[in-house]
Amino acid sequence: MNWDEGLAFDRAHLWHPYSALPGQPVWPVVEARGTRLKLADGRELIDGMASWWCAVHGYRHPRLNAALNTQLERLAHVMFGGLTHEPAIALGQRLLKLVPAGLEKIFFCDSGSVAVEVALKLALQYFQAQGQAAKRKFLALRGGYHGDTFGAMAVCDPVTGMHRLFAGFLPKQFFAPRPSCRFGDPWDPKDAQPLAAIIERHHREIAALILEPIVQGAGGMWFYHPDYLRTARRLCDEFKILLIADEIATGFGRTGRLFACEHAGIRPDILCLGKALTGGYLSLAATLTTAEVAATVCAGEAKCLMHGPTFMANPLACQVAAESLDLLLESDWQANVTRIEAGLRQGLAPCQTLPAVAEVRVLGAIGVVELKAPVDLAAITPKLVERGVWLRPFGKLIYTMPAYCIAEDEIGALCQAIYEVISDL
Ligand code: PMP
């Protein structure tokens, strides 16, 4: 490719996530392997983002490639309406062995946002089927992020989540304050009082509480106390509200447990999975629920769950996801995440001494440096690339969630680059 022309076309015509046109500079990637991205000019970057939580095994894994190639020779896609196939069944069987017991009905969809839409629909149809149609609002947490489609956006943080921009179209939901009690600190029961107060007052209107368990991701990379989650579970039970756990970012080991709900030993009524589900190969997500929720929904007016995407349970995506789960379980992922956690703690600790830094926090294979002021992305990204690392800061946050196979010296290099670019500010 003539990259001068290619990049000019890209800048003029291609939207990137949350981007303007003409666009900001982007870096062309021509190849990737393991934790390395190779740029068109031959430079190699250590990838600290795992493509936004997804590529947990690293890029171009031979087993994932082989699974995909084998499936490609058989069946790339077929409609899921009235037909089924082995990859969907194989993936479903694997998932049920992993997720908290009691979640046994699976809806495969195409992206995390859609998985959240399906979760919201399940909750609405569940109460409608029981003649409780007044329960059609959702309760969410400030600082939360659940996706960019309208239903999902409506439960994202109302300030950072673009509510103002789409006001008048977005349904208004209830929001509890962001949990303030940190993961690892002593639990203060007062932290869940605002949540309890909203539930006590409005439970007749609320179908479900939706939250990201333990780690709020794109809404602020915030780690909160497992007892908050336990309290939320108890309140939902007491007031007949469904609990939706959005584990799209936290799922598959990222926080040190296979699913973040396990930190609190709770089971949600509805679970959303995505991102690392396919090891970062293809877009696939899943919404899981209990037999009771599914049976109730299917006994309602519609007699079915009202959703059915064209690319539902795409065989290529399901096959690579099944292989990715096998790979994860066969690996010592927990030891790896613990190792990365220790490496990030040690590597990022010096950042704490820098005047521009408000806080450093690490949980599982997630390292976060929160600055006192927002990062100038256009200025900082080239400096990171010059230092041989790929990171994508947002707001006041410079953070990393690398592949689980990242080597010690690569963690060191990521942390060192973060330290240096912040020192330069
Ligand atoms: N929920 C959470 C917690 C997420 O982090 C994301 C993606 N950043 C989504 C939902 C939406 O997923 P997708 O981008 O695949 O639609």
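**Helices, loops and lone cysteines**

Okay, let's start with Pro22, which sits in the loop between helix H1 (3-13) and strand S1 (29-33). Helices here are DSSP runs of H or I with at least four residues, strands are runs of E with at least two, and both are numbered from the N terminus. Pro22 is joined to Leu21 by a cis peptide bond, with omega at about -5 degrees.

Before going on, a word on what we're looking at. This is a predicted model, where local features need pLDDT of at least 70 and side-chain atom pairs count only at pLDDT 80 or more, while totals for chains, interfaces and linings use all residues. Residues are numbered from 1 along each chain as its sequence is written, and side-chain values use heavy atoms, leaving out hydrogens and water.

Now, why point at that proline? Most peptide bonds are trans, and most residues other than glycine have a negative phi. That second part brings us to two more residues. Met221 isn't a glycine, yet its phi is positive, about 45 degrees. You'll find Met221 in the loop between strand S8 (215-216) and strand S9 (222-223). Is Met221 buried or exposed? Its relative accessibility is 1%, so Met221 counts as buried; the cut-offs are under 20% relative accessible area for buried, over 50% for exposed and partly exposed in between, using a 1.4 Å probe and protein chains only. Lys303 also isn't a glycine and has a positive phi, about 60 degrees. Lys303 lies in the loop between H9 and H10, and with a relative accessible area of 56% it is exposed.

On to helix packing. Two packed helices are described by the angle between their axes and the distance between the axes. The axes are lines fitted to C-alpha atoms, for helices over the stretch in contact, and the angles run from 0 to 180 degrees between N-to-C directions.

Take helix H3 (residues 62-74) and helix H10 (residues 315-330): they pack at about 150 degrees, with axes 9 Å apart. So H3 is roughly antiparallel to H10, a label for angles over 145 degrees. Among the H3 residues in contact (heavy atoms within 4.5 Å) are Arg63 and Leu64, and on the H10 side the list includes Pro315 and Glu330. The contact residues divide into eight nonpolar, three polar and four charged. Here Ala, Val, Leu, Ile, Met, Phe, Trp, Tyr, Cys and Pro count as nonpolar, Asp, Glu, Lys and Arg as charged, and the others, Gly among them, as polar.

Next pair: helix H11 (residues 333-348) and helix H13 (residues 408-423) cross at roughly 35 degrees, and their axes come within 9 Å. Arg339 and Gly343 are among the H11 residues that meet H13, where Cys415 is one of the partners. That contact divides into six nonpolar, two polar and two charged residues.

Just a quick stop at Ser331, in the loop between H10 and H11. Ser331 is partly exposed, at 32% relative accessibility. Its C-alpha atom is 9.8 Å from that of Cys405, although the two are 74 residues apart along the chain.

Last topic: how many disulfides are there? The count is zero, where a disulfide is a pair of cysteine sulfur atoms within 2.5 Å. For Cys181, the nearest cysteine sulfur belongs to Cys261, 18 Å away. Cys181 is buried, at 8% relative accessible area. Cys236 is in no disulfide either, and the nearest cysteine sulfur, from Cys261, is 11 Å away. Cys236 is buried too, with 1% relative accessibility.

Technical notes
Parallel < 35°, antiparallel > 145°, perpendicular 65-115°, else oblique.
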